[in-house]
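Student: I have a structure to read and hardly know where to begin. Could we go through it together, one feature at a time?
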Amino acid sequence: MRINPNMVPDMLSAIQQSQSTLQTALQQVSTGKSVIVPSDNPSASADMVQNTIETADVDQYTQNVSSVLSTVQTADSALSSVVSSLTQAVSLGIEGANGSDSASNQQAIATQVKGILSSVVSQANLSYQGSYVFGGTASTQPPYTADSTSPSGYTYNGNNGVNSVPVGDHMSVQVNVPGSQIFSNSSTDVLGSLSSLVTALQSGNTAAISTATTNISAALNYVSQQRVIYGNTESQLNAQTTYLQQDTVNLASQATSLVGVDMATAATNLTQAETANSAALAAASKVVPLTLLSYLSTPS
Amino acid sequence: MSSINASLSIGMQALEATQGALSATSNNIANADTPGYTREVAQFSENQESVSSSGVNGGGVTLSGLQSVRDELLNLQIQQQTSLQSSVDTQSSTLQQLQSYFSSTGGGDIATALSSFSTNLSQLSATPADSGARQGVLSSAQDLANAFNNTSSGLTSAQSDADGQVTQTVAQINTLTSQIAQLNGQLSQMTATGEDGGTVQDQRDELVQQLSTLTGVAITQSSSGETITTGNGSPLVMGNQSFTLQTATGTNGMQQVLNSTGANITSSLQGGQLGGAIQIRDQVIPGFLSQLNTLASQLTASVNAAQAKGFDSNGNAGQDLFSISTNPSNAAATMSVALTNPALVAASSDGSAGSNGNLANLSATLTNSLPSGQTPAAAFASLVFQVGNSASNATAQSTAIGLNLQQLTDQQGSISAVNTNEEATNLMRYQTAYEAAARIISTIQQLSTVTLNMGTSGGY
């Protein structure tokens, strides 16, 4: 049978094929990716769209956790200092209610309580990163301002709004407790009780001092309870941090299995492709020059 | 007994025939690498023997002609496969270019922009009053709009490239068909006079081969010569007459191909660069574009609806974040961000500047299903899959056809190509034959001398 004498196209196609395999292998080793363009693996590329978005989301959730955590911790420590201030005020009130106490001593205690009041007000007006922590969602202005017309001596400028921040695909945490709920709700009024204790001490009214002290004591319990909300958020955030770390690892490993390469396999492929390529080239260099004419002697 | 002169003339004929064969062999060797060349074989035939009273005498040899060795059926198969391959290759090269718009390796694609929009919304919800975070949302919204614009313009520019290719290819087809018709004329004249029009046929086959890379053709042989039509039967060449194709701008702004009678045959053209370009221009890209436009307009509507549910930093109801053309075929190209003031991002659900309540609604636009039934990410992912799959199919098809074509070409080569070893052998054969024929003549000459000198003193 006659064979195709023209081996060049076949040879060329063999060389091109081995070169293209070599190029692919080289690209996989050098980039560490098996999918560079969607056609390399269409379904993996489609899955990567979701993976890209989820990975970025999880990164952002992680950032949200740390930013929310610092806000919550700031608020919690402010409340903790309010609690200790109130504890101090209660013992001062008990001291002031003691009938044997001198009027001048009561005045001195009143001054101390006044100091406590202003410290509590400053905690209630705490601003963290430019926003007032206890103003509800009206966080751009100080929530408590002095107001002589108000019975407590202060007006609440905030609202009852609560912000929740997403820290997971289906998880949000409450990041604030409005001041109206902590300091000035209908049953307990921190600032009002402190103000009335000051007034009672200044006037030396023992019964009023006792009432005010009892109110402060109730407020103290209430504020302590509100701290639990922050405590819950904190523990939720800590748990979520662990989950998000795990999620990041999962997503990264999913991405690797979708578009990454196994380096050992890739390196082996590269070696094989190199061998195949040099074999094709060597074969070509041997085949092309051979013709009968090389063996016929030139007529002299 | 035959005469010495008869032998001389036989020797003479042998010399001429061998010379012809040698010239065919040299021509084969000379054209060993000429594309489309078909080897020619010298056809010898013995002459009529003469019967005389003294017996039967051989009549010598004649070179009856040169026969080119070709397989028409194989040529036809090669032309068909070539058409298919060049169609697939045309589509593949466009799809390969398009892929960059759907690959997240370089960034700037819609997936990356969607993820950045999502994270910026999430970041803003941690610090709703922060103008930097608000600016971040606007910038990422801008990036998202740009990504839609770029992807759309990538698709439309590939489409208009394909459109340009249609016009160019039609012009090339017309040039080729007129050349083929001319060669057909020559060929039928040669056939009429009994010549083997090998060279002309080679040229014509080569041109038909070129024509089949441009468009799919159907070839029929008839007594009047070769007839070439497009796949759907519009004539291109009939014998020595060629029919030109024309292009005209259609209602969709794209070039339409008209046959010689002015009928629009665009949608029926298949195969070749022309078929490939039309397929990609009228089917593939419009499919992608319409999905992209649907995604752009539905996402815009969904985000704007979420904006309207909330309030901006100033306590006013949220305004549209994205603006888009009302023409659905232009949606992705015209998507833009309508807001420039970061304060107008409607993060608040209660009208106060520090509220982040509405950001959950905005974020939900990215995770909830659009009216298309898919989330924005899933809709884009499905587009990525389709583009990638089309490109990978086109490449795989091209490889498969390439292998088939290689086999056919090998087969054709085994029949028609010049084997220099074979020709070298022929060269030796004809050389020996020539030498032998020459020896006949010199022998006859010596014999004649002897005969003429008979009876003279010189003797032999």
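Student: Which residues does Pro342(B) touch, if I leave out residues up to four places away in sequence?

Tutor: A contact here means heavy atoms within 4.5 Å. By that test Pro342(B) touches Ser131(B), Arg134(B), Gln135(B) and Leu138(B). Keep in mind that this is a predicted model.

Student: Where in chain B does Pro342(B) lie?

Tutor: Look in the loop between strand 12 (336-337) and helix 8 (359-367) of chain B. You can also compare position along the chain with position in space: Ala394(B) is 52 residues apart from Pro342(B) along the chain, and their C-alpha atoms are separated by 46 Å.

Student: Is Pro342(B) buried or exposed?

Tutor: Buried means under 20% relative accessible area. Pro342(B) has a relative accessible area of 16%, so the residue counts as buried.

Student: Let me try another residue. Where is Gln81(B), and is Gln81(B) buried or exposed?

Tutor: Gln81(B) lies in helix 2 of chain B, which covers residues 72-99. Its relative accessibility is 16%, so Gln81(B) is buried too.

Student: Which residues is Gln81(B) in contact with, leaving aside its neighbours within four places in sequence?

Tutor: The contacts of Gln81(B) are Ile401(B), Asn404(B), Leu405(B) and Leu408(B). Read their numbers and then find them in the 3D view.

Student: What about a residue in chain A? What does Ser45(A) touch?

Tutor: Ser45(A) sits in helix 2 of chain A, residues 42-97. Beyond residues up to four places away in sequence, Ser45(A) touches Val35(A), Val37(A) and Pro38(A), and also Val384(B). The chain letter is worth reading every time: Val384(B) belongs to chain B.

Student: Which backbone atom does the side chain of Ser45(A) reach?

Tutor: The side chain of Ser45(A) reaches the backbone oxygen of Pro38(A), at 3.5 Å. Ser45(A) is also buried, because its relative accessible area is 10%.

Student: Now the whole chains. How many helices and strands does chain A have?

Tutor: Chain A has eight helices and six strands. Along the sequence their pattern is α-α-α-β-β-β-β-β-β-α-α-α-α-α. The radius of gyration of chain A is 39 Å, well over the 19 Å that the globule rule gives for 300 residues, so chain A is more spread out than a compact globule. You can see this in the spans too: the C-alpha trace of chain A extends about 145 × 30 × 30 Å along its principal axes.

Student: And what are the values for chain B?

Tutor: Chain B has 10 helices and 12 strands. Its radius of gyration is 38 Å, while a compact globule of 460 residues would have one near 23 Å. The C-alpha trace of chain B spans about 145 × 45 × 30 Å along its principal axes.

Student: What share of the residues is buried in each chain?

Tutor: In chain A, buried residues make up 42% of the 300 residues. In chain B, 45% of the 460 residues count as buried.

Student: How far apart are the centres of positive and negative charge?

Tutor: The idea is to take the mean position of each set of charges and compare the two. Chain A has 5 positive and 16 negative charges, with mean positions 18 Å apart. Chain B has 8 positive and 27 negative side chains, and the centres of these two sets lie 2 Å apart.

Technical notes:
Residues numbered from 1 in each chain as written. Chains lettered and ligands numbered in written order. Predicted model: local features only at pLDDT ≥ 70, side-chain atom pairs only at ≥ 80, totals over all residues. Heavy atoms only, no water. Helix = DSSP H or I, 4+ residues; strand = E, 2+ residues; numbered from the N terminus. Rg over C-alpha atoms; globule rule 2.2 N^0.38 Å. Buried < 20%, exposed > 50% of the residue type's maximum accessible area, 1.4 Å probe, protein only. Lys, Arg positive; Asp, Glu negative; His and termini not counted. Charge placed at Lys NZ, Arg CZ, Asp CG, Glu CD. Polar contact = N/O pair within 3.5 Å; in protein donor to acceptor, adjacent residues only side chain to side chain.
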